[in-house]
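This report goes through selected features of one structure, beginning with its sheet and ending at its surface.

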Amino acid sequence: MDGRIIQNIVNEVVGKVAAIVGADGSKGIVLAVFSGATVGMGEVVNQLRRLILDGYEVRMVFTTSAEQLYAPVIHDGLAGFPHQGRVSTANWLGCLKQVRAVIVPLLSVNTAAKIRMLIADNTATNCILHGLFMGKPVIVARNGVDPTAYGRKELGFHRGSKALRDAMDNILDTLVSYGCRLTDVGRLRDTVNTVLSRENLQEEGTAGVPDTHGRVFRPAGPLVTAADINHAQRLGAAVMVQPQWRFTPLAQDLAARYGILMADNEEF
């Protein structure tokens, strides 16, 4: 049997099974913006599939470099899944108005630096920046910009100077101050569900979770940002972290300014 016929049959079966288990698009549209980073690439298709199975419709835009690097891989990975597809360059604003959230599964340093400088010179940066201007939840997987991310170490991108690492941490802090929610690419689906399930999004600044008494705040980790500290300060809570987690310079300054206790699990 011709390979294309077999693939079409497989796609049709995937689509029918996905619809049966919940992929009906009823939770609204999520716009996935892809820039040229590849750190965390192996997890992205899995996270998008799970969002679709959760009931979201996933629309996608790609930068030129993302198009060249991996767009076919994304499309092949989602073949057969319903409620997903690309957004045309001419229609990005119309789509953005309809979406519940913007997600950035693969953030590059280049795109992050542009957003920090409020530069929107392509469809991807326009969607991110104008999503923030509209007050949309913008959920960003930080792996491509986090100096200590495993994928960056694999590529040998972790040997830069302290000044470079601090600059990247500061970029992430700035994105958070603009309203971006940072998470790990492996938790992207969970973070989207957490953020969109909360009735009062304006009160939510991070992907972390307070305990039932509101006295201990657990950031999403492993990079604790200024938004985490501000959220803990609003809760009047201490911050529980893991021993290997890192803090951005602004997060450290704010924790010292607010007098917030930060300790690992064993100290609570």
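## The sheet

In this predicted model, six strands make up an open sheet in the order β3-β2-β1-β4-β5-β6, and their pairing is parallel. The edges are held by β3 (84–86) and β6 (180–183), each of which has a single partner strand, so one side of each is left without a neighbour in the sheet. From one strand to the next, the twist averages 25 degrees.

Strands of a sheet pair through backbone hydrogen bonds, in either a parallel or an antiparallel way. Here β2, which spans residues 57–62, runs parallel to β3 and is joined to β3 by three bridges; M60 has R86 in β3 as its bridge partner.

## Helix α7 across the sheet

Helix α7 lies across β1 (29–34), β2, β4 (101–106), β5 (138–141) and β6, and its direction makes an angle of about 130 degrees with β1.

Within α7 is N126, which counts as buried because its relative accessible area of 15% falls under the 20% cut-off. When residues up to four places away in sequence are left out, N126 touches W92, L96, A120 and G131.

## A nonpolar surface patch

On the surface, L118, F133 and Y178 form a nonpolar patch, and together these residues have about 320 Å² of accessible area. L118 belongs to the loop between α6 (109–116) and α7 (123–133), and its relative accessibility of 48% is why L118 is classed as partly exposed, whereas N126 in α7 is buried.

Note on methods: Residues numbered from 1 in each chain as written. Predicted model: local features only at pLDDT ≥ 70, side-chain atom pairs only at ≥ 80, totals over all residues. Heavy atoms only, no water. Patch = residues over 30% accessible without salt bridge, like charges linked within 9 Å, V, L, I, M, F, W, Y side chains within 5 Å. Areas by Shrake-Rupley, 256 points an atom, 1.4 Å probe, with all protein chains shown as cover. Salt bridge = Lys/Arg side-chain N within 4 Å of Asp/Glu carboxyl O. Helix = DSSP H or I, 4+ residues; strand = E, 2+ residues; numbered from the N terminus. Buried < 20%, exposed > 50% of the residue type's maximum accessible area, 1.4 Å probe, protein only. Pairing = 2+ DSSP bridges. Axes fitted to C-alpha atoms, helices over the stretch in contact; angles between N-to-C directions. Contact = heavy atoms within 4.5 Å.
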